[in-house]
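Student: I would like to know how the terms used for a model like this one are decided. Please take me through some of them.

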Amino acid sequence: MLKTLLTRFAALRHVFRRAQIDEEIRQELDSHVERLVERYMASGMPADEARHAARLRVGNTLRVREDVYSLNTLAWFDWTEAQIRHAVRMFRRQPLYAAAIVLTVA
Amino acid sequence: MAKGDMGRAEVLQGTLDLMVLRTLDTMGPMHGYGVARRLEQVSEDALKLNEGTVYVSLMRLLHRRLISTSWGTSENNRKARFYTITRSGRRALTIEMNNWNRIAGVMARVLGRA
């Protein structure tokens with residue numbers, strides 16, 4: 001259970017760092033393409049052909065960034081869902097205790 | 001999105017994540033490019049992967065805390081992000097590899113006979 005909580009909190013950090021992570025992924029993808037270009041050119045391919053082949057191999061980079069951004073966004077929902085489920089479980093197990101907390105906070 | 005599509009996408013994601021995790025387990029800390037090269041090598045280029053998807057896979061594994069990440073320098077002196085398997089990653093890998101082998105065995109029998 002502690003492990004689940006830790007995982008949830010770790011994922012939550014990703015939500016707040018979405019923009020930064022997007023920039024990092026963009027750089028990683030760029031580097032990746034560059035290295036492939038070097039590799040193809042080293043094997044004799046002309047520069048523009050190498051770049052074309054490299055881009056093709058890496059695939060749709062915008063899609064990759066969207067998917068990563070989505071993942072990080074969903075982490076928020078997972079966390080919120082986990083909080084709600086935890087609260088419901090707490091209430092089910094000890095309704096009087098939970099009610100007391102709610103009333104005190106209210 | 002139709003449920004069938006989601007199911008297929010999930011299977012493909014799951015298998016890629018398993019391959020990426022296994023790669024990090026076998027090869028030690030690697031950057032995304034290295035993982036892609038290794039997958040190409042080991043699969044004898046049968047995988048035909050869009051290599052960008054490796055980074056989505058790595059993000060999923062990071063979310064699940066099966067891997068961790070840190071900045072380092074690559075072989076050609078470039079700044080690169082390295083990924084390392086964690087202890088829970090190693091545990092999950094064992095479980096998922098056993099699962100995979102079991103399912104593969106069942107499929108072989110069922111597809112062979114039916």
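Tutor: Helices (H or I, at least four residues) and strands (E, at least two) are DSSP runs, numbered from the N terminus. The model is predicted, so local features need pLDDT of at least 70, side-chain atom pairs count only at pLDDT 80 or more, and totals for chains, interfaces and linings use all residues. Residues are numbered from 1 along each chain as its sequence is written.

Student: Which residue follows α3(B), and what is the sign of its phi?

Tutor: R65(B) follows α3(B), and its phi is positive, near 60 degrees.

Student: What makes helix α3 (residues 53–63) of chain B mostly covered?

Tutor: Buried means under 20% relative accessible area, exposed over 50%, partly exposed in between (1.4 Å probe, protein chains only). By that rule 10 of the 11 residues of α3(B) are buried, among them V54(B), Y55(B) and H63(B).

Student: Why is L5(A) called partly exposed?

Tutor: The relative accessible area of L5(A) is 32%, and partly exposed lies between the limits of 20% and 50%, so the term applies. L5(A) is in helix α1 (residues 2–16) of chain A.

Student: How do you know that the length of helix α4 (residues 87–113) of chain B agrees with its number of residues?

Tutor: The expected span of a helix is 1.5 Å times one less than its number of residues. For the 27 residues of α4(B) that gives 39 Å, and the end C-alpha atoms are 40 Å apart, which agrees. Within α4(B), the buried residues include S88(B) and G89(B).

How values were computed:
Chains are lettered from A and ligands numbered from 1 in the order in which they are written. Side-chain values use heavy atoms; hydrogens and water are left out.
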